[in-house]
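Thanks for sharing this one. Here are my notes, set out as numbered points so that you can follow them with the structure open.

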Amino acid sequence: MRWKLNTSAYKRVSSREAAMDPDVETQAKMPSDGGGTGPSWRMSLPHVCVATLTSFLFGYHSGVVNEPLESISADLGFAGNTLAEGLVVSICLGGAFLGCLFSGSVADGIGRRRAFQLSALPMIVGAAVSALTNSLEGMLFGRFLVGVGMGLGPPVASLYITEVSPPSVRGTYGSFVQMATCLGILFSLLIGTPVKDIDRWWRVCFWVAVVPAALLAIGMEFCAESPQWLFKCGRTNEAEMQFEKLLGPLHVKPAMAELTRSERGDDGESVKFSELFYGRHFNVVFIGTTLFALQQLSGINSVFYFSSTVFRSVGVPSSLANICMGIANLSGSIVAMLLMDRLGRKLLLAGSFFGMAFTMGLQAIGANRHHLGSASVYFSVGGILLFVLSFSLGAGPVPGLLLPEIFPNKIRAKAMALCMSVHWVVNFFVSLLFLRLLEQLGPQVLYTMFSSACVVAAIFVRRHVVETKGKTLQEIEVSLLQTQ
């Protein structure tokens with residue numbers, strides 16, 4: 001049963017009747033306020049900003065050990081042990097995979113707001129354990145807990161921002177995730193700057209991370225719950241109240257009518273993970289998992305993790321290199337934010353992958369130092385910075401926005417969890433094998449392989465990805481179902 005929304009007094013009708021009722025269709029498409037304008041972006045902005053704190057934390061914890069690692073290893077007694085140092089950096093990936101794997105079930109089970117608060121808990125405890133520990137084991141345990149929160153938070157953020165944003169600015173708000181991640185990385189680099197001058201400063205770096213995590217947990221108490229999740233749970237009156245908080249009272253009826261229309265053919269039962277691999281949902285899940293796999297096979301995280309080595313080999317200090325890459329990443333994210341709702345997701349994504357293919361080719365050329373001499377420096381350094389810039393224009397922010405848009409409400413949380421899990425697995429193996437492949441194949445062959453993956457990704461986007469700019473989630477869902 002669903003609510004029919006063609007009068008001020010709501011009337012219960014069946015899902016099929018509501019879906020076929022012309023008045024519901026008309027309500028969904030009519031101008032919202034008599035002036036033909038959509039909902040204001042101002043009402044949903046504070047909720048989106050609180051949600052992006054989880055992306056800021058993701059970026060901060062990704063970079064927080066880069067500068068202090070040498071001091072941490074000396075204070076905790078594992079200096080010179082490269083395996084232990086590598087574990088301190090990478091154990092977050094294991095925790096993130098675990099958190100990500102359960103993020104869909106958590107978001108569907110307790111709601112988006114509580115899922116945010118749950119993700120903040122291990123990040124608070126993990127940061128505190130890392131700051132207080134006097135042993136390698138304690139540091140690894142703290143970093144693992146932080147990783148669980150890092151894996152749980154970002155998929156929920158992508159879901160939440162997509163579901164609470166007005167269609168006209170959903171792309172712009174989706175870009176906030178990438179921007180917040182960039183700011184988190186830059187902030188961690190700035191916080192880590194005094195680590196060589198102040199004894200045990202690395203403990204302060206971990207304590208600082210407790211503040212935004214606590215703000216996330218507290219701030220979510222005052223944020224709206226996802227109306228889509230409430231509607232899926234049958235809590236229609238609460239969904240209307242949240243729409244009013246997010247969009248304004250004039251836009252509640254059209255928004256609820258859209259939700260009702262998207263329920264056409266939905267049996268209302270929950271979806272198991274196994275059902276994502278066959279049937280009508282397979283195509284969109286295939287697109288999502290492939291996009292995240294190709295994003296990682298482009299070599300982006302290898303560039304992030306190991307660029308300092310390249311910069312040092314040409315005489316550029318690693319601290320300066322990290323800041324330059326952070327600025328390139330942030331600059332591209334700002335441009336993407338401005339263009340996302342103008343040019344659309346598909347064009348930015350395809351253009352970004354083509355740009356990454358070209359700039360990775362520059363790095364392959366720069367690796368031939370015997371023939372290029374000093375010019376190889378410009379190809380290598382310029383190629384890395386332009387590669388990061390190209391990534392941040394589309395391949396970075398678009399998948400996390402696009403996939404919650406194309407996934408039906410019924411499978412959205414679980415499908416995002418699956419796609420993000422693929423992201424973490426491919427990320428782990430590419431990072432694990434990068435140095436070994438670099439040693440055995442050489443930089444020119446390896447960079448050419450990365451460049452080829454970017455070309456494949458761009459072609460895949462052109463052939464399989466649909467444009468979602470300016471459409472409501474329900475319009476996207478209905479149009480995708482009609483094409484199947």
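**Notes on the loops and helix contacts**

1. Let me start with Asn-409, which sits in the loop between helix 21 (398–406) and helix 22. Please keep in mind throughout that this is a predicted model. Is Asn-409 buried or exposed? With a relative accessible area of 3%, Asn-409 is buried, because the cut-off for that class is under 20%.

2. What does Asn-409 touch, leaving aside neighbours within four places in sequence? The contacts are with Glu-163, Gln-228, Lys-232 and Glu-477. It is also worth drawing the line from Asn-409 to Phe-231: the two are 178 residues apart in sequence, yet their C-alpha atoms are 9.8 Å apart in space.

3. From that loop you can go on to helix 22 (residues 412–441), which packs with helix 8 (residues 136–164). The angle is about 135° and the axes are 10 Å apart. The pair is therefore oblique, and helix 8 passes helix 22 in a right-handed crossing.

4. The side of this contact that belongs to helix 8 consists of Gly-151, Pro-155, Ser-158, Leu-159 and Glu-163, and these meet Arg-412, Ala-413, Met-416, Met-420 and Trp-424 in helix 22. By class, the residues divide into 6 nonpolar, 2 polar and 2 charged. Glu-163 deserves a second look here, since this helix 8 residue takes part in the contact with helix 22 and is also among the contacts of Asn-409.

5. On the other side of the loop, helix 21 packs with helix 15 (residues 282–297), their axes coming within 10 Å and crossing at roughly 175°. Helix 15 is therefore roughly antiparallel to helix 21. Helix 15 brings Val-284, Ile-287, Gly-288, Leu-291, Phe-292 and Gln-295 to this contact, while helix 21 brings Pro-399, Gly-400, Leu-402, Leu-403 and Ile-406. The count by class is 8 nonpolar, 3 polar and no charged.

6. A further helix pair is helix 7 (residues 112–132) with helix 11, whose axes come within 9 Å and cross at roughly 160°. These two are therefore roughly antiparallel, and the crossing is left-handed. Helix 7 contributes Phe-116, Gln-117, Ser-119, Ala-120, Met-123, Ile-124, Ala-127 and Ala-128, and helix 11 contributes Val-210, Ala-213, Ala-214, Leu-216 and Ala-217. This contact has 11 nonpolar, 2 polar and no charged residues.

7. While you are at helix 11 (residues 210–219), have a look at Pro-212, which lies within it. Pro-212 is buried, at a relative accessible area of 11%. Which residues does Pro-212 contact, apart from neighbours within four places in sequence? They are Leu-53, Phe-56 and Leu-57. The C-alpha atoms of Pro-212 and Phe-56 are 8.1 Å apart, although 156 residues separate them in sequence.

8. Helix 5 (residues 69–76) has Leu-69, Ser-71, Ile-72, Ser-73 and Leu-76 as its buried residues. Their cover includes helix 6 (82–110), helix 8 and helix 10. Just after helix 5 comes Gly-77, with a positive phi of about 85°.

9. Arg-200 also has a positive phi, of about 60°, although this residue is not a glycine. Where is Arg-200 placed? Arg-200 lies in the loop between helix 9 (170–191) and helix 10 (201–208). Its relative accessibility is 46%, so Arg-200 counts as partly exposed.

10. As for the cysteines, a search of the whole structure finds 0 disulfides. Two of the residues to inspect are Cys-182, which is buried at 1% relative accessibility, and Cys-233, which is partly exposed with a relative accessible area of 41%.

11. Finally, some totals to set these details in context. The protein chain has 24 helices and 2 strands. Of its 484 residues, 58% are buried. Among contacts between residues at least 6 apart in sequence, 81% join residues at least 24 apart. The Asn-409 contact with Gln-228 and the Pro-212 contact with Leu-53 are good places to see what such contacts look like.

Technical notes. Residues are numbered from 1 along each chain as its sequence is written. This is a predicted model: local features need pLDDT of at least 70, side-chain atom pairs count only at pLDDT 80 or more; totals for chains, interfaces and linings use all residues. Side-chain values use heavy atoms; hydrogens and water are left out. A disulfide is a pair of cysteine sulfur atoms within 2.5 Å. Buried means under 20% relative accessible area, exposed over 50%, partly exposed in between (1.4 Å probe, protein chains only). Axes are lines fitted to C-alpha atoms, for helices over the stretch in contact, and angles run from 0 to 180 degrees between N-to-C directions. Helices (H or I, at least four residues) and strands (E, at least two) are DSSP runs, numbered from the N terminus. Angles under 35 degrees count as roughly parallel, over 145 as roughly antiparallel, 65 to 115 as roughly perpendicular and the rest as oblique. A crossing is left-handed if the near helix is turned anticlockwise from the far one by less than a right angle, and right-handed if clockwise. Contact means heavy atoms within 4.5 Å. Ala, Val, Leu, Ile, Met, Phe, Trp, Tyr, Cys and Pro count as nonpolar, Asp, Glu, Lys and Arg as charged, and the others, Gly among them, as polar.
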